[in-house]
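Me: Please take a close look at one part of this model, the side of one chain that touches its partner, and set it beside what the predictor's confidence says. I would like one connected account rather than a list.

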Amino acid sequence: MDHDSIRHKLSAYLDGAVTAAEKSLIERHLEECSDCRNTLHELEKTIHHVRSLGEVEPPPWLAVKVMARIREEAGRKRGVLLRLLQLPLRWRIPVEAAALVFLSVTGYLVYRNVSSDMTQVVPLSGEFREEYAPPVPPPAASPKASVKSSPEPGKPSSVPMKEKRAAEPAPPAHSVAPLPSSVREDASPVPSPPAGAPVMAEEKGQNFRLQDRDDAKSAFSADRMSLPEQEEAPSWTMRSKSLPTAVPEVLGIELIVADPESAVADIERATERSGGVILRKEMQGGRVRFFSVRLQREAVQGYLERLESLGDVRGAQSIIPDTAAAVEIRVTISGRQ
Amino acid sequence: MIRTKKRTLPDEDAELVASCRAGDLDAFESLVRKHQTRMFTLAFRVLGNYEDAGEIVQDAFVSAYRNLGKFRGDAAFTTWLTTITVNLARNRLQQMVSRRSREVCSLDDPVPGCGECSKSHDPPSDRPSAHELLEREELRQRVQGCINGLEPGFREALVLRDVEEYSYGEIGTMLRLAEGTVKSRIARAREAIRDCLKRVVGEF
């Protein structure tokens, strides 16, 4: 080790942080080198000065501040509930009493709202189902056009038609607007969702309209947002002219024809002549495959006969109960093999 | 103001630490009161500022409380607490240094000390001897001024060695430095302090 290396190791040497070999080399060099001896002496003094600095008294508030922060943090960890439990009785009893009163009042209000809903739903439902069992033929609107119609809010015709339905319940087909699937699923218990669903959905809406509650208006508005066709609700007094509470029966038949494409127009015509209304047409494989038709019960027989003139009808032997004022028929068009 | 420093035995605080872990805040307060002077001294020697040292020590104790679950007891509680304090002080020091417009000093300079000691402590023309100053506050202030003139990185190493009297290995662990680096930094810091004291005190 040369002079410079040894000089740089003097600090570690003073701390005893050199190897035995380094130590003997350094000590041998120190005997010969007065410059390094001087440096060693200065370093010893420097260390002494630094070590003599001593401790510095912290400010008296330091521990208090630290503990205030720590107690706050510990309090946050324990949580509000635990702190509530640790409140003295004179505070805890009023807090608990207030919470009990709040829960009781809330529970009572919820019960009142729910029970009033339930009592009004049952009697109303039949009335609106009956709307779709018209005793008279529908207006002479083109069934094809009406079936295709999609919700068109700007179309004024839907408003008077709807008004008219209550007093003279001929159902305009285009008022049966396609609904969101969720609504249909909820409402339709029968295997004909396109026809049954709108009825039930409307019941939901009407139920809100007839409730004598402050929030009825807003609930109705919300309902109208999902059912754009059902705006301008007729007054409930008109609807209270109660009709038989029969539910339209759903009948599924299959019509086997030689030419399914040309049969579509024939079926439309047959429906119109029987006084029925095409509620919905469904496409499959690029052509019309299903019809949902609503008919008066007494018109069903004639309608089936008309269909039989077009092709083979299967499934028509289903018995229609006497209670059914209206019937929905789901016609499946199949090509003859 | 000045107290004689005492080292804490490695397992001296084990019982209090266990009580703290069980949620005993009074036990933690005992630890705070016991170690606050030592931690404050450490922070003050590194930062050279009373207010900053107070803030850092507060933060260090709060951080220790939060992380008590991570303290495994491999080292003494004081060593662990010192590690937290010195690292917080180092971070603060780096912030302070970056804020200040300083004279250009590099870690690679032969003398890492610059600026404060040479600027604020010009050698007096009629200087008393070092021996006369030794027990006086003025000398201590000048020594602290020399420490304040060291670059960050050198200060913590010097304070941990010559004020706190930790070994090179312990300092390396605390500052996450190789032992050789610690040795080198302490050597250069001492040389810088020596040169600074020569300038501010005169006869050495």
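Reply: What follows describes the contact between the two chains, then the confidence in the partner chain, and then a single loop residue. The model is a predicted one, and for the complex the predictor gives an ipTM of 0.81 alongside a pTM of 0.49.

Across the interface, 29 residues of chain A are in contact with 38 residues of chain B. On the side of chain A that touches chain B, the elements that give two or more residues are α2 (10-14), α4 (34-51) and α5 (62-78) of chain A, and the largest share, 9 residues, comes from α5(A). Sorted by class, this side of chain A has 15 nonpolar, 6 polar and 8 charged residues.

Turning to chain B, its mean pLDDT is 82, with 76% of its residues reaching 70 or more. Two stretches call for caution: over residues 1-6 of chain B pLDDT stays under 50, and the model has 9 contacts beyond four places in sequence for them, while residues 104-125 of chain B also stay under 50 and have 45 such contacts in the model.

Within chain B, B:Asn49 lies in the loop between α2 (25-47) and α3 (50-66). B:Asn49 counts as partly exposed because 16 other C-beta atoms lie within 10 Å, a number between the limits of 12 or fewer for exposed and 20 or more for buried. Although B:Asn49 and B:Asn148 are 99 residues apart along the chain, their C-alpha atoms are separated by 9.3 Å.

Conventions:
Residues numbered from 1 in each chain as written. Chains lettered and ligands numbered in written order. Predicted model: local features only at pLDDT ≥ 70, side-chain atom pairs only at ≥ 80, totals over all residues. Helix = DSSP H or I, 4+ residues; strand = E, 2+ residues; numbered from the N terminus. Contact = placed C-beta atoms within 7 Å. Nonpolar A, V, L, I, M, F, W, Y, C, P; charged D, E, K, R; others polar. pLDDT = per-residue confidence, 0-100.
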